[in-house]
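Visitor: Please take me closely through one part of this model, and then show me how that part fits into what surrounds it.

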Amino acid sequence: MSKSSAKRLSLRAICLSVVAFTTVAVTAGVAWAAFTDNMYPTPYANLACVDEGSSPNGYLSCQTDNATLTYYMDSGGTNMLETVDRNRVTYTMENTFEPTDLSVSLDSTPSFSGSAETDIVYEESGIGVPSGSSGVTFCNDAADHLRCDQQYIRILGGGHYAQGLICHETGHAVGLTHGDQASPLTSRTDERLGCMETPVSDGEGLQDNNIDNINGTY
């Protein structure tokens with residue numbers, strides 16, 4: 001083997017080593033970025049995903065069924081969202097959840113049955129909303145013990161449809177939990193939880209911890 005060939009091989013080996021090290025470093029960085037795992041299931045939130053009305057109940061942070069996330073906003077009847085509320089939902093989905101690894105889109109022709117149901121349905125309603133709360137997320141059609149094919153988000157009227165609460169309930173719909181269900185445990189008011197903090201302020205969005213957990217799952 002000539003000296004020039006040996007030199008080229010040595011340089012190639014060095015480059016491959018650098019690439020391998022960089023890959024490991026990047027992978028490790030992703031793994032270390034989240035300070036806590038607040039993606040269902042965790043050791044503190046591990047009940048099976050079930051429909052509303054089932055035992056214990058359907059108010060769980062089930063994961064959605066895949067990375068393609070479709071949503072619909074009720075546009076008629078008593079559960080209809082007003083224009084200002086629709087605009088806030090659209091803004092939150094486009095600017096908060098769409099930049100994640102989820103593929104987010106508005107479903108203008110929603111499906112409520114079959115194998116391709118619209119993933120999230122937003123309603124302006126107090127039905128099932130616990131006393132003292134402004135909104136709730138529940139599974140309407142569990143796909144299995146972990147995932148839900150269709151989830152309903154109900155938020156009270158009268159100005160409760162704010163970005164922070166929309167983000168919070170949508171976070172539950174993709175599997176994010178509160179701090180006291182995360183692993184390791186943290187406070188429900190931990191600022192690093194972003195819109196999954198409880199109570200949540202109006203302008204909150206996803207923070208890095210939530211984004212890392214979403215991207216690591218989907």
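Guide: Helices (H or I, at least four residues) and strands (E, at least two) are DSSP runs, numbered from the N terminus. The model is a predicted one, in which local features need pLDDT of at least 70 and side-chain atom pairs count only at pLDDT 80 or more, while totals for chains, interfaces and linings use all residues. Residues are numbered from 1 along each chain as its sequence is written, and side-chain values use heavy atoms, with hydrogens and water left out.

The part I would look at is helix H3, which runs over 163-173, and just after which Gly 175 takes a positive phi of about 115 degrees. For orientation, the chain has four helices and six strands, and reading along the sequence gives the pattern α-β-β-α-β-β-β-β-α-α. H3 is mostly covered, with 10 of its 11 residues buried, where buried means under 20% relative accessible area, exposed over 50% and partly exposed in between (1.4 Å probe, protein chains only). The buried residues of H3 include glycines, Gly 164 and Gly 171, as well as Leu 165, Ile 166, Cys 167 and Ala 173, and also His 168, Glu 169, Thr 170 and His 172. In the chain as a whole, buried residues make up 42% of the 218 residues.

What surrounds the helix can be named: its buried residues pack against strand E1 (63-64), H2, E4, strand E5 (135-142) and E6, where contact means heavy atoms within 4.5 Å. H3 also contributes to the largest nonpolar core, a term for a set of buried Ala, Val, Leu, Ile, Met, Phe, Trp, Tyr and Cys residues joined through side-chain atoms within 4.5 Å. That core has 27 residues, and those with the most contacts inside it are Val 89, Phe 97, Tyr 122 and Ile 214. At least two core residues come from each of strand E2 (68-73), helix H2 (83-97), strand E4 (120-124), strand E6 (147-155) and H3, and the largest share, four residues, is that of H3. One link between the helix and the core can be followed at Val 89, which, leaving aside neighbours within four places in sequence, is in contact with Ile 166 as well as with Tyr 71, Met 73, Leu 81, Tyr 122 and Tyr 161. Apart from this core lies another, of eight residues, with Val 50, Leu 60, Cys 139 and Cys 148 among them.

Of the strands that H3 packs against, E5 and E6 deserve a closer look. They form a hairpin with four residues between them and pair in the antiparallel sense over seven bridges, a pairing that requires DSSP to find at least two bridges between two strands. Within this hairpin, Thr 137 stands opposite Ile 153 in E6. Strand E4, another neighbour of the helix, holds Glu 123, which counts as buried because its relative accessible area is 7%. Not counting residues up to four places away in sequence, Glu 123 touches Tyr 152, Ile 153, Arg 154 and Ile 155, together with Asp 74, Asn 79, Leu 81 and Tyr 161.

Aromatic rings add further links, and three aromatic pairs are found in the whole structure; rings of Phe, Tyr and Trp (its six-membered ring) pair if their centres lie within 6.5 Å, planes under 30 degrees apart counting as stacked, over 60 as edge-to-face and the rest as tilted. Tyr 72 and Phe 112 have ring centres 6.2 Å apart and planes at 85 degrees, so this pair is edge-to-face. Because Tyr 72 lies in strand E2 and Phe 112 in the loop between strand E3 (103-106) and E4, the pair ties together parts that are 40 residues apart in sequence. Tyr 72 counts as buried, at 15% relative accessibility, whereas Phe 112 is partly exposed, at 42%. The pair of Phe 138 and Tyr 152 is stacked, at 5.7 Å centre to centre and with 10 degrees between the planes, and it links strand E5 to strand E6 across 14 residues; both of these residues are buried.

Finally, for the chain as a whole, among contacts between residues at least 6 apart in sequence, 68% join residues at least 24 apart.
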